[in-house]
Amino acid sequence: QVQLVESGGGLVQSGGSLRLSCAASGRTFSSYALGWFRQAPGKERLFVGAISPSGGSPAYADSVKGRFAISRDNSKNTVYLQMNSLKPEDTAVYYCAATRGVVTAGGMDYWGKGTLVTVSS
């Protein structure tokens, strides 16, 4: 069992930055691939990015590539999402999720409850 708790969301102006954190419980954190997803009001949940269990080879959605960066610290059971050059269209609830398999919206084993990011224009 893995419990995930996101933090770091809030209100930021367009062009600003935020860093989201996702703290995990459990002793097997380093065996899970982690993903970040987001869901805007009235829209489906979308993939943002993912990172492998070892922290290598992060992958990103085209919409955030070059602006967002994922990292993880297995010693702290925490994964991060650094978001730069934020745009109003980045406004959403951001979720982290964990899986022992491939990171996809339908294939995650555990989900956090999300943290709201609002980008004002």
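**Aromatic rings and strand 9 in a predicted model**

Modeller: The charged end of R72 sits over the ring of F29, 4.6 Å from its centre. This is a predicted model, in which local features need pLDDT of at least 70, side-chain atom pairs count only at pLDDT 80 or more, and totals for chains, interfaces and linings use all residues. Residues are numbered from 1 along each chain as its sequence is written, and side-chain values use heavy atoms, with hydrogens and water left out.

Biologist: What makes the charged end of R45 sit over the ring of Y95?

Modeller: The rule asks for NZ of Lys or CZ of Arg within 6 Å of the ring centre and within 35 degrees of the ring normal. The charged end of R45 is placed over the Y95 ring, 3.8 Å from its centre.

Biologist: Why is the pair of Y95 and W111 called edge-to-face?

Modeller: Rings of Phe, Tyr and Trp (its six-membered ring) pair if their centres lie within 6.5 Å; planes under 30 degrees apart are stacked, over 60 edge-to-face, and the rest tilted. The centres of Y95 and W111 are 6.3 Å apart and the planes stand at 85 degrees, so the pair is edge-to-face.

Biologist: Why is Y95 called buried, and what is W111 called?

Modeller: Buried means under 20% relative accessible area, exposed over 50%, and partly exposed in between (1.4 Å probe, protein chains only). Y95 has 12%, so Y95 is buried; W111 has 29%, so W111 is partly exposed.

Biologist: How do you know that strand 9 and strand 11 pair?

Modeller: Strands (E, at least two residues) are DSSP runs, numbered from the N terminus, and two strands pair if DSSP finds at least two bridges between them. Strand 9 and strand 11 (residues 115-120) have three bridges, in the antiparallel sense.

Conventions. Helix = DSSP H or I, 4+ residues; strand = E, 2+ residues; numbered from the N terminus.
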